[in-house]
Amino acid sequence: MNNFEWVCPTRIIFGKNTEERVGEFAKQYSNKILLQYGKGSIKKTGLYDKVVNSLKNANVEFIELGGVQPNPRLSLVRKGIEICKKENINFILAVGGGSVIDSAKAIAAGVKYEGDIWELYEGKGTLKEALPVGVILTIPAAGSEASMGSVITNEDGWYKRSINYDILRPVFAIMNPELTYTLPPFQTAVGAVDMLTHVMERYFTNTKNVDLTDRLSEATMRTIIKYAPLALKDPHNYDVRAQIMWAGTVAHNGLLGTGREEDWATHDIEHEVSGIYDVAHGAGLAVLFPAWMKYVYRHDINRFAQYATRVWNVEPDFFNLEKTALEGIKRLEKFYKEELNLPITLSGLKVPDDRFEEMAEKATEKGPIGNFVKLYKEDVLNILKLAK
């Protein structure tokens, strides 16, 4: 096990009707806030009215900034930074899923950063201070409600890049599984894929003697695999939705990566795909992670065989561990296709192959990606072809 430091100060407020307490928690940080949300679904569901009433009852003034898109845009982030500076806002409330939260984090960073916010995402600057961010989570998937990360897309060149700082972890996250009842099946499905991939990016590691986090990761994966199909069949089942929602947080708050080297190559590749073609992040991961697995599994067949037996209940063939490993990959693809009803090829996502070279070039422009196996441009190109 490697040395590590892990800090996760996010206060989790979990359960029914917890969104009605948002004014109480926001008030602890500011009397004037930026309220950020997506395309307006929170108004259709009635959540917006609950949030507004709670803020008003707590005498918290707010300025709204809606319009966050999936794969959140840099232009809206810059607009939010401008609003916060002009209005002297020092707290941001994000109501939505990972895209809204990531956008809010970017604004929180940009208000305090002296240069242009995109410099941070290009790795040309260092963030030392940020506004506090609070969250009401409506889409369990990205884990951004308790993570240190933010992913933003720059429309100039369609670059999708990330930053990771502990000071970007939200100060509180209100999580009511009831708020996920109205999610479309596709959102539930791709959210489950995102969660699973967050765990697998940590699970496939070269670090030895990490049995505890192996077991925690396996339990989290098995929970998602069990409950995601149930959520699709019975979307108003509170207990099912609660399991999914909490699994998404545990998958990406950093706990499962403690003491171990992580990979993240597949996320880097997917960012190029969704940056250009604007596909849902989880949908891209459902295609690309199995392709990555097929490309690298021989690097550590024992770990892939362990994954197959512990996560997918594959009967191990001790005389042919490669067969066991490949069966685990096959079952993951089958789960995505048959249980979650998702495409498992890029062509199924309507992503053509004419820009593979560009995506491979952009993914590796600063050097090889990943840690489990270092991937260069040619490797990324081969994985994209496997996913075709």
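Contact here means heavy atoms within 4.5 Å. With that in hand, let's work through some exercises on this predicted model.

**Exercise 1. Place Pro316 in the fold and find which residues Pro316 is in contact with, leaving aside neighbours within four places in sequence.**

Solution.
- Start with the location: Pro316 sits in the loop between α12 (301-312) and α13 (321-339).
- Next, look at the surroundings. Once neighbours within four places in sequence are set aside, Pro316 is in contact with Thr309 and Thr324.
- Now classify the exposure. Buried means under 20% relative accessible area and exposed means over 50%, with partly exposed in between. Pro316 has a relative accessible area of 29%, so this residue is partly exposed.
- Finally, check a distance: Tyr203 is 113 residues from Pro316 along the chain, and their C-alpha atoms are separated by 19 Å.

**Exercise 2. Decide whether Glu272 is buried or exposed, and list its contacts beyond four places in sequence.**

Solution.
- Find the element first: Glu272 belongs to helix α10 (residues 265-277).
- The relative accessible area of Glu272 is 2%, so Glu272 counts as buried.
- Leaving aside neighbours within four places in sequence, the contacts of Glu272 are Arg161, Met359, Lys362 and Ala363.

**Exercise 3. Describe the largest nonpolar core and the part Trp292 plays in its contacts.**

Solution.
- Begin with a general idea: in soluble globular proteins, nonpolar side chains tend to be buried together.
- In this model the largest nonpolar core has 66 residues, and Phe204, Trp292, Phe304 and Tyr307 touch the most other members.
- Helix α11 (residues 281-296) gives the most to this core, with 10 residues.
- Zoom in on Trp292: not counting residues up to four places away in sequence, Trp292 touches Phe204, Asp263, Ala265, Thr266, Phe304, Phe372, Leu375 and Ile383.
- Apart from this core lies another, of 38 residues, including Leu34, Ile101, Ala106 and Tyr121.

**Exercise 4. Test whether the radius of gyration of the protein chain agrees with that of a compact globule.**

Solution.
- List the elements: the protein chain has 15 helices and eight strands.
- For 388 residues, a compact globule would have a radius of gyration near 21 Å; the chain has 20 Å, so the two agree.
- Along its principal axes, the C-alpha trace spans about 70 × 45 × 45 Å.
- Turn to burial: 58% of the 388 residues count as buried.
- Last, consider contacts with a separation of 6 or more: 78% of them join residues 24 or more positions apart.

Key: Residues numbered from 1 in each chain as written. Predicted model: local features only at pLDDT ≥ 70, side-chain atom pairs only at ≥ 80, totals over all residues. Heavy atoms only, no water. Core = buried A, V, L, I, M, F, W, Y, C linked by side-chain atoms within 4.5 Å. Buried < 20%, exposed > 50% of the residue type's maximum accessible area, 1.4 Å probe, protein only. Helix = DSSP H or I, 4+ residues; strand = E, 2+ residues; numbered from the N terminus. Rg over C-alpha atoms; globule rule 2.2 N^0.38 Å.
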